[in-house]
Amino acid sequence: MGKKRFNVTVDRTICKACGICVAFCPMSVFTTDHDDKAVVSVPERCTGCRQCELLCPDFCITVVQVEETADG
Amino acid sequence: MGKIHEKYLRMDKMPHIWCAGCGNGIIMGAFINAIDRLGYDKDEVAAVSGIGCSGRITGYMDFNTIHTTHGRALAFATGIKLAKPRLKVFVFMGDGDAVAIGGNHLIHACRRNLDMTAVIFNNHIYGMTGGQFSPTTFKNKNATTAPYGTTDPDFDIAQLCIGAGATYVARGTSYHARLLTDLIVKGAEHPGFSIIEVITHCPVNFGRRNNFESPAQMLLWQKEHGVAARKAKTMPLEDMEGKFTIGELYRSTEIPEYLEEYGRVIQAANEEKKQ
Ligand SMILES: Cc1ncc(C[n+]2csc(CCOP(=O)(O)OP(=O)(O)O)c2C)c(N)n1
Ligand code: SF4
Ligand code: SF4
Ligand code: SF4
Ligand SMILES: [Mg+2]
């Protein structure tokens, strides 16, 4: 079974620092910076559930599947 | 959001004006996902809104859009649908918009059963004007107009619409965003007047006054208090205390759709002219 990997990005210019993605990502992929804006800290944990994309009220998060690796 | 929002939103109008963490943006995302799934062409969609923070949605979406007056979005939408029946008409209203000033338009739209889909952003407050209580503010909650808590019982929008004759009635939340997209798709496909009540949150004018520390906490409240309608049927009544049902709540195909009835009038008038 190959493990799916995802590229998660936050558009910092439009992030309003609401904290929703940080609170609801089941894999704790996000942390916050000095302005409380979202930072993608541990992208390798992302399972691609897209909860963050659906709940970000400002359309700043993009989750894209990048590759399939054989080693899992 | 992947790239879907770049197709359906007016990107030159971004970022939108809604406050950090406001539910309105989540609902707009769920809506454009529904349009994408329905496969409607952007030019065959008409989006009509009233006044309120929720009403600003029509400024951000790239369909045929009209931002109308407070409480009257349904009246404008009715005119649009009757004049151009090929359009898929969607109406966006706030709780104040839909059940306070616009309450009469709402019940009569339900009664007529014209083929349109209305989405009500129920954040239990007048957001735009600074946090006055609305007909859906829960009893004992604080508002600028109720510094000691409200005294009035609240309206159940979905039940009100069922009672008034709407033929598809559903309730979703901004937290259950995937469900919301499903409910909007089903409402749009239903041939008649469809209502989707969305329990959502105004972190600034409701949350801050009512002990919610963050937008995330308000979403968590929705997660914990929304119970799937099917599950609620099997639950003891006392377990539903303070909670609300989500999902499809009512559907009827027995009442004729209004355009069909109106078509008979057009036909009769044309025949009379020929004589
Ligand atoms: C005829 C009229 N009366 C009153 C107002 C002032 N007004 C603007 S928005 C609003 C209520 C907003 O509450 P709601 O409909 O719940 O929308 P929200 O901002 O919460 O999305 C009011 C009373 C108005 N614009 N027009
Ligand atoms: S897709 Fe899911 S797991 Fe990945 S960052 Fe978003 S919420 Fe977290
Ligand atoms: S949900 Fe969106 S706006 Fe809110 S902190 Fe995360 S990226 Fe920023
Ligand atoms: S006032 Fe409330 S409803 Fe209006 S944009 Fe701000 S958070 Fe949203
Ligand atoms: Mg409101």
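Read along the sequence, chain A runs β-α-β-β-α-β, which amounts to 2 helices and 4 strands. Helices here are DSSP runs of H or I with at least four residues, strands are runs of E with at least two, and both are numbered from the N terminus.

A word on the ground rules: this is a predicted model, where local features need pLDDT of at least 70, side-chain atom pairs count only at pLDDT 80 or more, and totals for chains, interfaces and linings use all residues. Residues are numbered from 1 along each chain as its sequence is written, chains are lettered from A and ligands numbered from 1 in the order in which they are written, and side-chain values use heavy atoms, leaving out hydrogens and water.

**Chain A as a body**

The radius of gyration of chain A is 12 Å, which agrees with the value near 11 Å for a compact globule of 72 residues. That radius is taken over C-alpha atoms, and the globule rule is 2.2 Å times the number of residues to the power 0.38. Along the principal axes, the C-alpha atoms of chain A fill a box of roughly 40 × 20 × 20 Å.

Of the 72 residues in chain A, 42% are buried, meaning under 20% relative accessible area (1.4 Å probe, protein chains only). Chain A exposes about 3,800 Å², with 51% of it supplied by carbon and sulfur atoms; accessible areas come from the Shrake-Rupley method with a 1.4 Å probe. Among contacts (heavy atoms within 4.5 Å) in chain A with a separation of 6 or more, 55% join residues 24 or more positions apart.

**Ligands beside chain B**

Ligand 1 is surrounded by 16 residues, and the closest are C53(B), S54(B), D95(B), D97(B) and G127(B); a residue counts as near if one of its heavy atoms lies within 4 Å. Helix 5 (residues 95-101) of chain B gives the most to this shell, with 4 residues. Here are polar contacts (pairs of N or O atoms within 3.5 Å) between backbone atoms and ligand 1:

| Backbone atom of | Partner | Distance |
|---|---|---|
| C53(B) | oxygen atom of ligand 1 | 2.8 Å |
| G96(B) | oxygen atom of ligand 1 | 2.9 Å |
| M128(B) | oxygen atom of ligand 1 | 2.9 Å |

The protein covers 73% of the 590 Å² of accessible area that ligand 1 has on its own.

By class, the shell around ligand 1 has 6 nonpolar, 8 polar and 2 charged residues, while the shell around ligand 4 has 7 nonpolar, 3 polar and no charged. Ala, Val, Leu, Ile, Met, Phe, Trp, Tyr, Cys and Pro count as nonpolar, Asp, Glu, Lys and Arg as charged, and the others, Gly among them, as polar. The residues around ligand 4 include W18(B), C19(B), C22(B), C53(B) and G127(B).

Terms used:
A polar contact is a pair of N or O atoms within 3.5 Å; within protein, one must be able to donate a hydrogen and the other to accept it, and residues adjacent in sequence count only if both atoms are side-chain atoms. Buried means under 20% relative accessible area, exposed over 50%, partly exposed in between (1.4 Å probe, protein chains only).
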